[in-house]
Amino acid sequence: MNSVRTRIAALVLTFVLLAPALFIVAEAQHDCQGDECQVCQVLAIASSIIQTAADVSAAASEAALFAVFVLLIAARPSRAASNTLVGLKVRLDC
Ligand SMILES: [Zn+2]
């Protein structure tokens, strides 16, 4: 049941992301009516949707890279704990 919902959500998301691009391709050579052309207005909205999706995708990938960077730094063993006086004395004894 959960898999079916996931597939339906993926199909809807794919359609929402592809529909503006398909509309732009289909109406690129339309018979323009001038300043009040409704097709041009819809083309502008479709272009805006595509640009917004690209911005969201870029922001998400930047956030993912930042999270990986923070996790790598957090997972790295700290040397500060071994730089105590006791730790240095233990090292000098080796
Ligand atoms: Zn037009």
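User: Which residues form the nonpolar patch on the surface?
Analyst: This is a predicted model, in which local features need pLDDT of at least 70 and side-chain atom pairs count only at pLDDT 80 or more, whereas totals for chains, interfaces and linings use all residues. Residues are numbered from 1 along each chain as its sequence is written, and side-chain values use heavy atoms, without hydrogens or water. The patch (residues with over 30% relative accessible area and no salt bridge, nonpolar side chains joined within 5 Å; a salt bridge being a Lys or Arg side-chain nitrogen within 4 Å of an Asp or Glu carboxyl oxygen) has about 490 Å² of accessible area (Shrake-Rupley, 1.4 Å probe) in total. Its members are Val4, Ile8, Val12, Phe15 and Val16.

User: Is Val4 buried, partly exposed or exposed?
Analyst: Val4 is found in helix α1 (a DSSP run of H or I, at least four residues). Because its relative accessible area is 47%, and buried means under 20%, exposed over 50% and partly exposed in between, Val4 is partly exposed.

User: Which residues coordinate the zinc ion?
Analyst: The donor atoms (N, O or S within 2.8 Å of the metal) are one NE2 and three SG atoms, at 2.1 to 2.5 Å. In sequence, the donor residues are spaced H-x1-C-x4-C-x2-C. The residues are His30, Cys32, Cys37 and Cys40.

User: What is the geometry of the zinc site?
Analyst: The angles among the four donor atoms run from 102 to 116°. Four donors count as tetrahedral if all angles lie between 85 and 135 degrees, so the site is tetrahedral.

User: Where in the chain is Cys40, and how accessible is this residue?
Analyst: His30 lies in the loop between α1 (2-26) and α2 (38-75). Cys40, 10 residues apart from His30, is in helix α2, and the pair links distant parts of the chain. Cys40 is partly exposed, with a relative accessible area of 31%.

User: Which residues does Phe23 touch, not counting those up to four places away in sequence?
Analyst: Phe23 has its place in helix α1 and, at 27% relative accessibility, counts as partly exposed. The C-alpha atoms of Phe23 and Ser47 are 9.8 Å apart, although 24 residues separate them along the chain. In contact (heavy atoms within 4.5 Å) with Phe23 are Val39, Val42 and Leu43.

User: How far apart in space are Val25 and Leu43?
Analyst: Val25 is also found in helix α1, and its relative accessibility of 64% makes it exposed. Val25 and Leu43 are 18 residues apart in sequence, and their C-alpha to C-alpha distance is 9.6 Å.

User: What share of the 94 residues in the protein chain is buried?
Analyst: The protein chain has three helices and zero strands, in the pattern α-α-α. Its accessible surface is about 8,300 Å², of which carbon and sulfur atoms hold 68%. Among the 94 residues, the buried share is 5%.

Key:
Donors are N, O and S atoms within 2.8 Å of the metal (3.2 Å for Na, K and Ca); water is not among the atoms, so sites may look incomplete. Four donors count as tetrahedral if all angles lie between 85 and 135 degrees; four count as square planar and six as octahedral if opposite donors are over 155 degrees apart and all others between 65 and 115; anything else is irregular. Helices (H or I, at least four residues) and strands (E, at least two) are DSSP runs, numbered from the N terminus. Buried means under 20% relative accessible area, exposed over 50%, partly exposed in between (1.4 Å probe, protein chains only). Patches are made of residues with over 30% relative accessible area and no salt bridge: like charges are joined within 9 Å, nonpolar side chains (Val, Leu, Ile, Met, Phe, Trp, Tyr) within 5 Å.
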